[in-house]
Amino acid sequence: MGHDASGDPKGGFGKLRQYGLAIFLIALVALAAILIYHKLHPYRFPPNLIAGTGRIDGDLVNLGTKYPGRVEEIADDGTPVHRGMVIARIGSREQRA
């Protein structure tokens with residue numbers, strides 16, 4: 001059978017297997033420690049911000065306009081709205097004059 005100089009019948013693969021198992025276990029413990037730390041110390045938003053998921057459905061929206069008129073064009077349902085975005089166009093006889 002094949003023996004190496006140290007008399008190990010596996011040819012040195014036994015130590016390699018032990019080191020590999022030890023490295024794997026250390027990595028597993030480190031990963032578990034990182035995950036536990038992140039679970040116990042979650043990211044906190046500044047006091048003026050909140051986080052959440054979901055959808056807001058509004059039935060009644062009051063908008064103030066400079067001129068009276070009829071709504072000619074409106075943004076599609078479900079379109080994200082940002083500050084300064086045009087959500088509707090109003091046709092007004094006063095504005096055209």
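**Entry 1: the overall layout.** I started with the secondary structure and found two helices and two strands in the protein chain. I am working from a predicted model here. Reading from the N terminus, I get the order α-β-β-α for the elements of the chain.

**Entry 2: how much is covered.** Next I asked myself what share of the 97 residues counts as buried. The figure came out at 3%. I then looked up the surface of the protein chain, which exposes about 10,000 Å². Carbon and sulfur atoms supply 60% of that exposed area.

**Entry 3: contacts along the chain.** I took the contacts with a separation of 6 or more and checked how many reach further. Residues 24 or more positions apart account for 20% of them.

**Entry 4: the strands.** How many bridges join β1 to strand β2? I noted four, and the two strands run antiparallel. For my own bookkeeping, β1 covers residues 70-74 and β2 covers residues 88-91. To place one pair by eye, I went to arginine 70, which stands opposite glycine 91 in β2. I also checked the cover on β1: it is hardly covered, with zero buried residues among its five.

**Entry 5: a nonpolar patch.** Back on the surface, I wanted to know which residues form a nonpolar patch. They are Leu21, Phe24, Leu25 and Leu28, and together they have about 400 Å² of accessible area. I traced leucine 21 to helix α1, which spans residues 13-40. If you have the structure open, that helix is a good place to find Leu21.

Definitions and conventions: Residues are numbered from 1 along each chain as its sequence is written. This is a predicted model: local features need pLDDT of at least 70, side-chain atom pairs count only at pLDDT 80 or more; totals for chains, interfaces and linings use all residues. Side-chain values use heavy atoms; hydrogens and water are left out. Patches are made of residues with over 30% relative accessible area and no salt bridge: like charges are joined within 9 Å, nonpolar side chains (Val, Leu, Ile, Met, Phe, Trp, Tyr) within 5 Å. Accessible areas come from the Shrake-Rupley method with a 1.4 Å probe; for residues, only the protein chains shown count as cover. A salt bridge is a side-chain nitrogen of Lys or Arg within 4 Å of a carboxyl oxygen of Asp or Glu. Buried means under 20% relative accessible area, exposed over 50%, partly exposed in between (1.4 Å probe, protein chains only). Two strands pair if DSSP finds at least two bridges between them. Contact means heavy atoms within 4.5 Å.
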